[in-house]
Amino acid sequence: MEVSIKFMCMVGLVVLAVTSFEQVKGAGECGKSTTPDKEAMKLLPCATAAQDQSAPVTDSCCAQVKRIGQNPSCLCAVMLSDLAKSSGIKPEIAITIPKRCNIANRPVGYKCGPYTLP
């Protein structure tokens, strides 16, 4: 529990820093009104599951992954975002979450950076 609180505090500080210096220059992978780093904040319930493949994936995590995964390029950008990386997220594990959530309509075989969604 103590690790989760420290992790959430660290993520919060990183988001504050990123959003303070960020300038939106048109539509990105996640649309005009948001960035991959902002969307990554919504995946806090996935933090443990994105670092440890044997960790259980929570229902709230699956719900957010399903929502963001409607746009595979956004989900990929979120999983590879600077915020995710600086928070200790392991992309090779994070990309397994849609499958671990049993999301039937997931982008199987979608190339996400050097990784392929299973």
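**Figure 1. V65 and the residues it touches.** In this predicted model, V65 is in contact with L43, C46, L75, I97, P98 and I103, not counting its neighbours within four places in sequence. V65 also turns up in the largest nonpolar core, where V57, V65, V78 and I97 are the residues with the most contacts inside the core.

**Figure 2. The largest nonpolar core.** Let's zoom out a little from V65. This core has 27 residues. Helix 3, helix 4 and helix 5 (82–86) each chip in at least two of them. Which helix gives the largest share? That's helix 4, with 5 residues.

**Figure 3. The two faces of helix 3.** Helix 3 runs over residues 59–68, and its buried residues are C61, C62, V65 and I68. Why do these buried residues sit on the same side of helix 3? Because they cover an arc of only 135° around the axis. Now look at the face turned away from that buried side: here you'll find the exposed residues D59 and K66. As for partners, the buried residues of helix 3 pack against helix 2 (36–41), helix 4 (72–79) and helix 7 (97–100).

**Figure 4. The second largest pocket.** Rolling a probe the size of a water molecule over the atoms shows where empty space is left. The second largest pocket has a volume of about 160 Å³. Its lining is made up of V65, K66, G69, Q70, P72, L75, P98, I103, N105, R106 and P107. So V65 and K66 from helix 3 show up again, this time as lining residues, and helix 3 and helix 4 each supply at least two residues of the lining. What mix of classes does the lining have? Sorted that way, there are 6 nonpolar, 3 polar and 2 charged residues.

**Figure 5. T96, tucked into a loop.** T96 lies in the loop between helix 6 (91–94) and helix 7. Is T96 buried or exposed? With a relative accessible area of 11%, T96 is buried, because buried means under 20%. Leaving out neighbours within four places in sequence, T96 is in contact with Q53 and P118.

**Figure 6. The whole chain, for orientation.** The protein chain has 7 helices and 2 strands, and along the sequence they follow the pattern α-α-α-α-α-α-α-β-β. Of its 118 residues, 39% are buried. Take the contacts between residues at least 6 apart in sequence: 62% of them join residues at least 24 apart.

Terms used. Residues numbered from 1 in each chain as written. Predicted model: local features only at pLDDT ≥ 70, side-chain atom pairs only at ≥ 80, totals over all residues. Heavy atoms only, no water. Buried < 20%, exposed > 50% of the residue type's maximum accessible area, 1.4 Å probe, protein only. Helix = DSSP H or I, 4+ residues; strand = E, 2+ residues; numbered from the N terminus. Arc of directions from axis to C-beta. Contact = heavy atoms within 4.5 Å. 1 Å grid on protein atoms, 1.4 Å probe; cavity = no way out; pocket = protein on both sides within 12 Å on 5 of 7 lines; lining within 4 Å. Points joined across faces, edges and corners; volume = space filled by probe spheres on them. Nonpolar A, V, L, I, M, F, W, Y, C, P; charged D, E, K, R; others polar. Core = buried A, V, L, I, M, F, W, Y, C linked by side-chain atoms within 4.5 Å.
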